[in-house]
Amino acid sequence: MDFEFSVIVESLPALLAGAKLTWIITILGIVGGMIFGILAGLGRIAGTEALGEKPHGIFMSISVLIRYISSAYVETVRGTPIIVQAMFLYFAFPMLVKAVTDIERFRIEALTAAVITIIVNAGAYIAEIVRGSVVSVNKGLLEAGMSLGISRFQLIVHIIGPIAFRRMIPPLGNQFIISLKDTSLFIVIGVGELTRQGQEIMASNFRALEIWLAVAVIYLIMTTVLSMSLRHLERRMKIF
Amino acid sequence: MPSIIELKNVCKSFGDTEVLHNVDLSIEEGEVVVIIGPSGSGKSTLLRGINCLEMISSGELIVDGIRIPAEQGRIRQIRLEVGMVFQQFNLFPHMTALENVAFGPRKARNMAKAEAADIARNLLAKVGLAEFENKLPGQLSGGQQQRVAIARALAVNPKVLLFDEPTSALDPEMIGEVLDVMKSIAKDSGMTMVVVTHEMGFAAQVGNRLIFMDDGRIVEEGKPSEVMKNPQSERLKDFLGHVRHH
Ligand SMILES: Nc1ncnc2c1ncn2[C@@H]1O[C@H](COP(=O)(O)OP(=O)(O)OP(=O)(O)O)[C@@H](O)[C@H]1O
Ligand SMILES: [Mg+2]
């Protein structure tokens, strides 16, 4: 077996370009996923005691509707493979648009489809993390807040939010790493991310060992950076 | 004296179980009312009904002129005027003692940060915890936490304070410090207080009225010393016997 280190050196610029794309998709994906996740996570418990007082009348009806929509989103995403979600968005969704509207040349860039897929996919899993942490906040603390006469918004922002967020950090770290690794699936829609770059170099020089080793190490470095920054955040916030 | 709290024929059910039956109660401004009764008799439910942590099922509640259920939209106003101290303290774990106390004035009363901090410092000094302002709840003893919680409730400047067994979760040696703070509030500020407790000494010393509840009803009430000396019902006799012996 011959191991040529120079192969890695030569392919490094292309691999790093792929890694950069992987990183961009991941960061945009988890930032958007956090927004989706917080909205859908709170949506799944809208109108329940986990968010303070139960609303009345029309507000209760609205809450129930929000709960249904959020649950449908989470269950749909969790119940289908991410690769199918990406394929659907990239190949099927434009056809659907064409079928129901007059827009002839509608298409989604592969990179855009990749980012949206991560946002939507991570959002559903983050929603469950958000819901679990919010529900686990001690009811006594909510009552203490309410008994001071603050609004529901203040209760969520100043009491529930900070306490729940600390509990979310470890599972969030987990999800961020999963999302980063999920970007390798976008090879199927032709995004030039790290795995795709590795695959292309491999196809031209047949140096599987060097290339896949290099690809694996680069992934490992990126996931380590993610988990270390979350651990740093956790340590800074773990004051109680 | 005008009533600050009035319950008229109030019932409260959880599901199919009614736990408060036709309660009538009127509390005057400045009164210190002590509520005793066996476990499950509805003391907490009554107290929590007053600041609408539990919504009454029927009857009428009038707090500081606000009528429930007619004016359900004004529950926040009721809570601004009615503070609560809990058995488990329930301090916000991510805030220091000072932040806990300043939180109410700042967010519920929209005060400037510096002004809220001033109020909080004064109150922490009043409950004897001036030098603990930067401690987190987790770094304080139970007695200290409960004193911070009392300061937190006072900080919003309410007209009424509700206490739900404020010393029941405390080690015996810390009960005194909390009761002392409560006594000084009752004596110095003329605050209206409704206190669920089994501390009969406190009831006798600072209570204007003692209420005995059993099975969701007010069974006896009157001047604490009288009620304790001359219990009318067997149930109260029984209950007092138990309290004295434990
Ligand atoms: N959220 C609730 N859901 C259902 N039942 C409840 C709820 N809260 C209280 N109860 C019931 O209502 C009754 C009165 O309870 P409450 O807590 O008011 O009693 P208490 O006098 O405060 O008792 P303790 O001395 O144990 O604190 C009990 O039978 C209790 O089981
Ligand atoms: Mg109770």
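## Helix α3 of chain B and its partner α5

In this predicted model, α3(B) and α5(B) are roughly parallel to each other, because angles under 35 degrees count as such and the two axes cross at roughly 20 degrees. The axes come within 7 Å, and α3(B) passes α5(B) in a right-handed crossing. Helix α5 of chain B covers residues 142-155.

On the α3(B) side the meeting residues are Ala97(B), Asn100(B), Val101(B) and Pro105(B). On the α5(B) side they are Val148(B), Ala151(B), Arg152(B) and Ala155(B). By class, this contact has six nonpolar residues, one polar and one charged.

## Helix α3 of chain B and its partner α4

How do α3(B) and α4(B) lie to each other? The axes of these two helices cross at roughly 125 degrees, and α3(B) and α4(B) are therefore oblique to each other. Their axes come within 8 Å, and the crossing is right-handed.

From α3(B), the contact uses Ala97(B), Leu98(B), Val101(B), Ala102(B), Pro105(B) and Arg106(B). From α4(B), it uses Lys113(B), Ala116(B), Ala117(B), Ala120(B), Arg121(B), Leu123(B) and Leu124(B). The residues of this contact divide into 10 nonpolar, no polar and three charged. Ala97(B), Val101(B) and Pro105(B) take part in the contact with α4(B) and also meet α5(B).

## The second largest pocket

Helices α3 (97-108) and α4 (113-126) of chain B are the elements that give two or more residues to the lining of the second largest pocket. The largest share, six residues, comes from α3(B). The pocket holds about 310 Å³ of space.

Its lining includes Leu98(B), Ala102(B), Arg106(B), Lys113(B) and Ala117(B), and these residues are also among those in the contact of α3(B) with α4(B). The lining further includes Met95(B), Thr96(B), Glu99(B), Phe103(B) and Lys107(B). Chain A is represented in the lining by His158(A). By class, the lining residues divide into five nonpolar, two polar and four charged.

## The largest pocket

The largest pocket has a volume of about 1000 Å³ and is lined by 33 residues. Which of these residues lie nearest its centre? They are Gly52(A), Glu53(A), Lys54(A), Pro55(A) and Arg152(A).

Both chains contribute elements to this lining. From chain A, α2 (58-78), α5 (139-147) and α6 (152-182) each supply at least two residues; from chain B, α2 (75-81) does so. The lining has 15 nonpolar, seven polar and 11 charged residues.

## The cavity

How many cavities of 30 Å³ or more does the model contain? The count comes to one, and about 30 Å³ of space lies in the largest cavity.

Residues of both chains line this cavity. Chain A provides Ala144(A), Ser147(A) and Leu148(A), and chain B provides Gly83(B), Met84(B), Phe86(B), Arg152(B) and Ala153(B). The elements that each supply at least two lining residues are α5 of chain A, together with β6 (82-85) and α5 of chain B. Arg152(B), named here as a lining residue, is also one of the residues of α5(B) that meet α3(B). By class, the lining of the cavity divides into five nonpolar, two polar and one charged.

Methods: Residues numbered from 1 in each chain as written. Chains lettered and ligands numbered in written order. Predicted model: local features only at pLDDT ≥ 70, side-chain atom pairs only at ≥ 80, totals over all residues. Heavy atoms only, no water. 1 Å grid on protein atoms, 1.4 Å probe; cavity = no way out; pocket = protein on both sides within 12 Å on 5 of 7 lines; lining within 4 Å. Points joined across faces, edges and corners; volume = space filled by probe spheres on them. Helix = DSSP H or I, 4+ residues; strand = E, 2+ residues; numbered from the N terminus. Nonpolar A, V, L, I, M, F, W, Y, C, P; charged D, E, K, R; others polar. Axes fitted to C-alpha atoms, helices over the stretch in contact; angles between N-to-C directions. Parallel < 35°, antiparallel > 145°, perpendicular 65-115°, else oblique. Left-handed = near helix turned anticlockwise from the far one by under 90°. Contact = heavy atoms within 4.5 Å.
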